[in-house]
Amino acid sequence: MTEIKLRAHHLLCMRFFEGRGYSEAFVQNMAQVLKAERCVITDGADDICAACPHLQNGLCETQEKVQRYDRQVRSLLQIETGKDYDLPTLSAGLRLDTAKLREICGDCVWQSLCQSKLSAQ
């Protein structure tokens with residue numbers, strides 16, 4: 001997998017992923033996604049969502065929440081939906097502290113895991 005479709009906020013998920021997930025299929029899919037070199041930013045379901053149990057009929061069950069996360073990450077990185085990016089470069093530009101992470105996705109179920117990994121960096 002060299003190029004993927006990616007929701008902007010999934011850049012955070014990829015950064016803090018440590019082999020846990022909703023299911024073994026989700027974990028295996030994420031491992032494949034992490035090998036990507038390029039991404040096209042999307043506002044809808046992406047290659048990570050494909051294995052997520054919250055994807056129902058092509059939409060996230062928490063669509064409003066994930067769209068808010070996406071907007072904040074797009075603003076932070078100044079990236080645009082529909083554009084193609086070098087994934088390692090994009091990821092390297094993602095500068096966060098624990099307050100910014102909490103501001104973007106403080107109501108995410110995985111937030112405490114991400115906060116602890118960020119604090120350890």
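In the predicted model, Asp86 of strand S5 is the bridge partner of Arg38. This pair belongs to the contact between S5 and strand S2 (residues 38-42), two strands that run antiparallel and are joined by three bridges. Both strands are part of an open sheet of three strands, arranged in the order S1-S2-S5 with mixed pairing. Strand S1 (3-7) and strand S5 (84-86) form the edges, each pairing on one side only. From one strand to the next, the twist averages 35°.

The segment before S1 contains Thr2. This residue is exposed, with a relative accessible area of 53%. Beyond its neighbours within four places in sequence, Thr2 is in contact with Ala36, Glu37 and Arg38. Arg38 thus appears both among the contacts of Thr2 and as the bridge partner of Asp86 in S5. A separation of 32 Å was computed between the C-alpha atoms of Thr2 and Ala99, which are 97 residues apart along the chain.

The largest pocket encloses about 590 Å³ of space. Its lining comprises 30 residues, and those nearest the centre of the pocket are His10, Cys13, Tyr22, Cys108 and Trp110. Four helices each supply at least two residues of this lining: helix H1 (10-16), helix H2 (24-33), helix H3 (63-77) and helix H6 (111-120). The greatest contribution to the lining comes from H1, with four residues.

Two of the residues nearest the centre of the largest pocket, Cys13 and Cys108, are cysteines. The structure nevertheless holds zero disulfides. For Cys13, the closest cysteine sulfur is that of Cys108, at 6.2 Å, and this is too far for a bond; a disulfide requires the two sulfur atoms to lie within 2.5 Å. Cys13 is partly exposed, its relative accessible area being 28%. A comparable check on Cys114 places its sulfur 6.1 Å from the closest cysteine sulfur, in Cys105, so a bond is again excluded by distance. Cys114 is buried, with a relative accessible area of 12%. The two cysteines therefore fall into separate accessibility classes, Cys13 being partly exposed and Cys114 buried, while for each of them the distance to the closest cysteine sulfur is too far for a bond.

Technical notes
Residues numbered from 1 in each chain as written. Predicted model: local features only at pLDDT ≥ 70, side-chain atom pairs only at ≥ 80, totals over all residues. Heavy atoms only, no water. Buried < 20%, exposed > 50% of the residue type's maximum accessible area, 1.4 Å probe, protein only. Pairing = 2+ DSSP bridges. Axes fitted to C-alpha atoms, helices over the stretch in contact; angles between N-to-C directions. Contact = heavy atoms within 4.5 Å. 1 Å grid on protein atoms, 1.4 Å probe; cavity = no way out; pocket = protein on both sides within 12 Å on 5 of 7 lines; lining within 4 Å. Points joined across faces, edges and corners; volume = space filled by probe spheres on them.
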